[in-house]
Structure formats: structure tokens, C-alpha cells
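Hi,

Here is the structure you asked about, with the sequence alongside. Have a look, and my notes follow below.

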Amino acid sequence: MTDYRRNFVAGGNFFFTVNLAERRLRLLTEHIEVLRIAFRETRQNHPFTIEAMVVLPDHLHSVWTMPEGDADFATRWRLIKTGFSRRLPNGERISGGRASKGERGIWQRRYWEHTIQDENDFSSHVDYVHINPVKHGLVTRVRDWPYSSFHRMVKLGIYPEDWAGNASGHDDAFGERAPEPRAR
């Protein structure tokens with residue numbers, strides 16, 4: 001078995017991608033309130049800050065800041081996934097290996113995690129989170145996707161409401177922040 005290595009940085013910032021096991025399902029948006037409950041309950045006992053988040057039908061992206069001295073995002077993800085899964089009716093396909101361990105088949109076991117390195121990395125990942133529904137063709141404007149922290153950031157004045165404009169006709173770099181101009 002592969003030895004997965006995680007970069008546990010106490011008090012760090014992390015980007016995550018978490019997927020459903022069956023990518024054709026739309027469980028996350030169909031059961032958005034259940035997902036919100038799972039996040040809320042987890043954060044009550046294991047606090048962390050959600051800097052940015054987008055929920056798509058079959059996966060989600062999030063940027064978190066962990067509390068000072070705490071790097072245990074793995075427990076938080078386990079609790080979120082479990083809290084969500086327990087509230088859904090049984091019926092998904094379950095592999096023999098999962099069934100033998102008493103596991104549900106809703107989530108992929110693993111998730112993608114990236115330790116944020118600096119402010120530019122942070123900004124790039126927050127932008128990636130918010131542009132993701134456009135990149136997947138779910139909407140043509142970022143503001144049209146309801147399951148996104150983009151709306152909170154507009155209210156805070158971090159993004160203009162028309163950020164990224166209309167996606168039609170843009171290339172793959174669309175949505176990335178332009179580099180800061182250099183002082184001369």
C-alpha cells in the first residue's frame with residue numbers, strides 16, 4: 001500500500017479537494033443543508049476557519065486556516081464526511097472491501113490537500129475555488145453559483161460582484177489573479 005504523506009503544519013492554511021466516490025452523483029448540492037450541518041457540528045468541537053469554499057454536485061474545494069498549534073485537519077475531514085454520510089439514506093454502491101469494514105460508499109477515501117505557501121499561493125487557491133463552477137460549465141458567471149463563499153467575499157468587499165465577468169470565450173488561465181505590478 002502507498003504511504004500517503006500529509007504536511008501537518010500547526011496553524012497553517014490548506015487547500016482541499018474532496019470528491020464523492022461516484023462522480024456522476026449530485027449528492028453534495030442535492031443535500032447541501034446536510035453538508036452544512038456536518039461542517040457546523042465539526043467546527044463546534046474542532047474549530048477551523050473556512051477562508052473560501054465551493055460545493056459542486058460531486059466534489060468540493062476549500063481553503064482552511066487551522067487554529068494556532070493545531071494541524072489535525074484529517075480528523076475534521078473524517079467527522080465532516082461521517083456526519084454527512086450518516087444523515088443520508090443507505091443505497092449507494094459499496095465495494096466488498098468497504099462493506100467488510102462497515103464503511104459507506106459515498107466519499108472517496110482520500111482527498112487532495114495542499115499546504116498554502118504564501119500570500120500569492122493563498123490568493124491563487126481562493127480564486128481557483130471561486131472560478132471552479134465556471135470551469136466545470138455549471139454557470140457562466142461566478143456570481144450565479146449559489147454554493148460558494150464568493151457571495152460572502154463580495155459582501156466583505158474582497159471581490160466585485162462581476163469578478164471574472166462572463167466565462168464564454170476565455171482561455172484556461174481565466175480566473176487567475178493577475179500578478180502584482182512590480183515597483184520600478
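Val-18 stands opposite Leu-60 in strand E3 (strands, E, are DSSP runs of at least two residues and helices, H or I, of at least four, numbered from the N terminus). That pair belongs to the match between E1 and E3 (residues 59–65), which run antiparallel and are joined by seven bridges; two strands count as paired if DSSP finds at least two bridges between them. E1 (residues 13–19) also pairs with strand E4 (residues 112–115), again in the antiparallel sense, over four bridges. There, Phe-15 stands opposite His-114 in E4. E1 is mostly covered, with six of its seven residues buried; buried means under 20% relative accessible area, exposed over 50%, and partly exposed in between, using a 1.4 Å probe and protein chains only.

Before I go on, a word on where this comes from. It is a predicted model, in which local features need pLDDT of at least 70 and side-chain atom pairs count only at pLDDT 80 or more, while totals for chains, interfaces and linings use all residues. Residues are numbered from 1 along each chain as its sequence is written, and side-chain values use heavy atoms, with hydrogens and water left out.

For the overall picture, the protein has six helices and four strands, in the order β-α-α-β-β-α-α-β-α-α from the N terminus on. Of its 184 residues, 43% are buried. Take the contacts (heavy atoms within 4.5 Å) between residues at least 6 apart in sequence: 66% of them join residues at least 24 apart.

Now to helix H5 (residues 119–135), which holds His-125. Is His-125 buried or exposed? It counts as buried because its relative accessibility is 15%. Leaving aside neighbours within four places in sequence, His-125 is in contact with Phe-15, Val-63, His-114 and Ile-116, and Phe-15 and His-114 are the two that stand opposite each other in E1 and E4.

Asp-121 sits in H5 too. With a relative accessible area of 16%, Asp-121 is buried. Beyond the neighbours within four places in sequence, Asp-121 is in contact with His-114, Thr-115 and Ile-116. A polar atom of the Asp-121 side chain lies 2.9 Å from the backbone nitrogen of Gln-117. Asp-121 and Phe-15 are 106 residues apart in sequence, yet their C-alpha atoms are 9.8 Å apart in space.

You may also want to look at the second largest pocket, which holds about 350 Å³ of space. A pocket here is an open set of points on a 1 Å grid over the protein atoms alone, where a 1.4 Å probe fits, with protein on both sides within 12 Å along at least five of seven lines; lining residues have an atom within 4 Å of a point. The volume is the space filled by probe spheres set on the points. This pocket is lined by 14 residues, and Arg-36, Ile-50, Met-53, Val-55 and Ser-149 lie nearest its centre. Helix H2 (32–45) and strand E2 (49–55) each supply at least two lining residues, with the largest share, six residues, coming from H2.

One last oddity: Ala-164, in the segment after helix H6 (150–155), has a phi near 75°, a positive value in a residue other than glycine.

Cheers

Notes. A polar contact is a pair of N or O atoms within 3.5 Å; within protein, one must be able to donate a hydrogen and the other to accept it, and residues adjacent in sequence count only if both atoms are side-chain atoms.
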